[in-house]
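Reader: Hi! I am in my first year and still learning to read protein models. Could you take one part of this structure and walk me through it slowly?

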Amino acid sequence: MEKEVRIKASITQLIPFFLLLPLLTLVFVLLFGSVIYVLASSSHSIAVSMLEVLPSSYFISAYITTLKVGLMVVLLSAILSYPLAVYGRFVNFKVERLLSVVVFIPLMINPLIRAFGWMIILGREGVLNSILMYFHIITHPLSILYTENAVVLGLLELFFPFMYLSLYSSLENIPEEYILAAQSLGAGTLRVFLDIILPLSITGLATGASIIMAGCAAAFVTPSILGGLKVKTLSVLLREYVDIFLDWNVATVIALVILATTLLIIGVINLVKKLVMRW
Amino acid sequence: MRLVSSFVWVLLATTLFILLSPIIVPLTVAFSEREVISFPPTGFTLKWFYNAFKFKSLVDGFKLSLYIGFAASSIAMALSLPASYALFKYSFKGKSIIENIFLAPSLMPEIVLSYLLLIYLIAFARFPGSLALLLGHILIITPYAMRYVYASLVNLSKEIEEAAVSLGAHPVRAFLDVVVPNVKNGLVAGFITSFVVSFNAFSISLFLSYGAMPLPIAMWNYLQVRYDPTIAALSCMLILFTVTLTIIARRIVSLRGV
C-alpha cells in the first residue's frame, strides 16, 4: 500500500517532465543539434577556412559594411526617436498616442514588401527623384538605390520601432515627481534633461541599440534587395557562398562570425546596462 | 519653446514618412496602367491584380505558405500548450534554464539558424525538403507561440482548476473543461500571430526550400527578373491579409506588459 503511494507520488512528480518533453526535444534536437553537428563534424575544415577567410579582403569589407550600416541605423533611429519619445512622454501626450499606433503598422507587414516599397521610392525614376526633379531641386536623378544609404534607410524603417518602444518604456518608468521636484528646486529644462531624464533612460537606449545592431547583423531581405550587387553585408555574403559559390566551409565561417558578433553585442550591452544600473 | 515644438514636428513628419511611405507607395503603383513601375501613377486598372494570379509560381507559393503556416502554427501551439502549462503550474529545478531554451530560437539570427538547419537537416540527415521547411518554421515560431500561451495561462487564476479537482474532477478533465476554455482566446491569438510570422518568414524559407517555394521566395525571384506592378498588386493583397489577421489577434487578446 505504502509502496503504491510512493510510486504514485513519483509519477506525479514526473508529470511536468512529460508535458515539457515534446517541445523541449524539438528545440533541443533542431537548435542545439544543428550547432553541435556543424561544430563537431567539420571542426578541422572550419579551422582551416577560418585562417583563410578572416584575413581576406572580401570578408573584412563585408564585416565593416555590416558594422557601419548597423551603427548608422542606431544613430539615426536614436536621433529621431529620442526627442519624439521625450516630447511625447513629458510635453504632448498626443505625439505618443500617434506613434504608439503607427510604430506597429510596419511590424505587421512582410519586410520584403517594405523593401520593394523603398525600391519604388528610391529608384532612378522613383518617387523621390520624380518629386525632386519636378520642383527643379535637382537636374539629374540621384542614384540612391543599390547604395549603402538605401540599405540604411530600409533597415531604419525595419528597426526604428524597436528603438522607439524601448526608449519610451524606459521614459515611462521615470516618475514625474522627480522632474517636478527638480524644477521646484530651480533646475532649468536643460538641467532636468541632463541630470534626470538622460541617465534614467540610458538603459532604454542601450536595449534599443543592441536589438538594432543584432538585427542589422542578421537582416537579409532588406540589404539584398536595396543593396543590389554592390553592398555586401555578412548575411548577403553568406547566402552567396551557399547558393552561388557553393563553398560551404566559407559559409560556415561567416555564419559563425554572425552568431558570435550577435551574442557579443547582446553580452556587451547587457554588461553596460548592469554597470550603469549599479552606478 | 516654439522652436522646440517645430523641431519635434519636423522629426515626427520624417519618422512618419520613413515608417509609412514604403507601405503606401506600392498601394498607389498597383493601379497604374503603365507596364513599368513609374511615378506618378497613370490611369486606373485592375489588370495587375489579375496578372498576379496568372503566375503559377506566385499562386503555388501562396498555397504553400498557407499550408506551411497552418501546419507549423498548429504543431507549435499543440506543443506549447502542455509545455507552458508545466511551466505555469509546477515548480521544479532548472525551470529558468528551460524557459531560456524555449526563447533560444529567437536569440539566434534567423539567417544563421536557417543555414545550420540546411547543413544539418538536408545535407546530413537527408530530410525531404518539405519536412525540413516545416520543422524550421515550427522552430522560429515557437517563442511566439509560447509567449501567447504562457501569457494567457498567467491571467488565469490557479484556484478555478483546483476547485474543479477538489470537487472530484479528474485532473485531465479539469484541464480540458476548465483551463482550455479559459485560455481559448490566448490560443487563437497565439495561433494567428504564429501564422503571420511563419507566413512572412524569409531566410528560413530561402535556405530550406528545394523545389517548392513559399510566397516570399517566389516574389523575391520574380523581382530579380521583372519590375512591373504585379508585385505591387500582390503586395496590396498581402498587406490587407496580414494586417487584418494581426488586428484580429490584437482584438482577441491584449498583450500589454508581457
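Author: Happy to! We will look closely at the place where the two chains meet, and then visit some spots within each chain. Please keep in mind throughout that this is a predicted model.

Let us begin with how confident the predictor is. For the complex it gives an ipTM of 0.89 and a pTM of 0.90. Chain B has an average pLDDT of 88, and 98% of the residues score at least 70. As a general caution, predicted coordinates should not be read in detail where pLDDT is low.

Now to the meeting place itself. Chain A brings 71 residues to the contact, and chain B brings 78 residues. Together the two chains bury about 6,800 Å², and 85% of that lies on carbon and sulfur atoms. Three residues are worth finding on your screen: A:Leu23, A:Met108 and A:Phe116 supply 10% of the area that chain A buries against chain B, more than any other three residues. If you would rather search by element, try helix 1 of chain A, residues 2-41, which gives 19 residues to the side that touches chain B, the largest share. Sorted by kind, the residues on that side of chain A are 56 nonpolar, 11 polar and 4 charged.

What about charge pairs and polar pairs between the chains? The rule finds 0 salt bridges across the interface of chain A and chain B. It does find 6 residue pairs in polar contact there, with both residues at pLDDT 80 or more.

Salt bridges do exist elsewhere in the model: over all chains the structure holds 10 of them. Three examples in chain B are good for practice. In one of them, the side chains of B:Lys47 and B:Glu35 meet with N and O 3.3 Å apart. B:Lys47 belongs to helix 2 (residues 47-54), while B:Glu35 sits in the loop between helix 1 (2-29) and helix 2, so this pair ties together parts that are 12 residues apart in sequence. B:Lys47 is partly exposed, at 36% relative accessible area, whereas B:Glu35 is exposed, at 53%. The cut-off for exposed is over 50%, so B:Glu35 falls into that class.

Another example joins B:Asp60 and B:Lys56, with 2.7 Å from N to O. Both residues are in helix 3 of chain B (residues 56-89), and because they are 4 residues apart, about one helical turn separates them. Here is the background: an α-helix has 3.6 residues a turn, so residues three or four places apart point the same way. B:Asp60 counts as partly exposed at 32% relative accessibility, and B:Lys56 counts as exposed at 61%.

You can see this spacing again in helix 8 of chain B (residues 171-200), where B:Arg173 and B:Asp177 are 4 residues apart, about one helical turn. Their closest N and O atoms are 2.9 Å apart, and the pair forms a salt bridge. B:Asp177 is partly exposed, with a relative accessible area of 43%.

Let us return to chain A and look at what is covered. Helix 12 has 9 of its 10 residues buried, including A:Leu234, A:Val236, A:Arg239, A:Glu240 and A:Tyr241. For a single buried residue, turn to A:Ser81 in helix 3 of chain A (residues 57-90). Its relative accessibility is 0%, and buried means under 20%, so A:Ser81 counts as buried. Leaving aside residues up to four places away in sequence, A:Ser81 touches A:Phe160, A:Met163, A:Tyr164 and A:Leu167.

Finally, here are two places where the backbone is worth a look. Most residues other than glycine have a negative phi. A:Tyr146, however, has a positive phi, near 65 degrees. A:Tyr146 sits in the loop between helix 7 (127-134) and helix 8 (148-172) of chain A, and is partly exposed at 34% relative accessibility. A:Leu246 also has a positive phi, about 50 degrees, although it is not a glycine. You will find A:Leu246 in the loop between helix 12 (234-243) and helix 13 (248-278) of chain A. A:Leu246 is exposed, with a relative accessible area of 60%, while helix 12, on one side of that loop, is mostly covered.

Terms used: Residues numbered from 1 in each chain as written. Chains lettered and ligands numbered in written order. Heavy atoms only, no water. Helix = DSSP H or I, 4+ residues; strand = E, 2+ residues; numbered from the N terminus. Buried < 20%, exposed > 50% of the residue type's maximum accessible area, 1.4 Å probe, protein only. Contact = heavy atoms within 4.5 Å. Buried area = accessible area lost by both parts, 1.4 Å probe. Salt bridge = Lys/Arg side-chain N within 4 Å of Asp/Glu carboxyl O. Polar contact = N/O pair within 3.5 Å; in protein donor to acceptor, adjacent residues only side chain to side chain. Nonpolar A, V, L, I, M, F, W, Y, C, P; charged D, E, K, R; others polar. pLDDT = per-residue confidence, 0-100.
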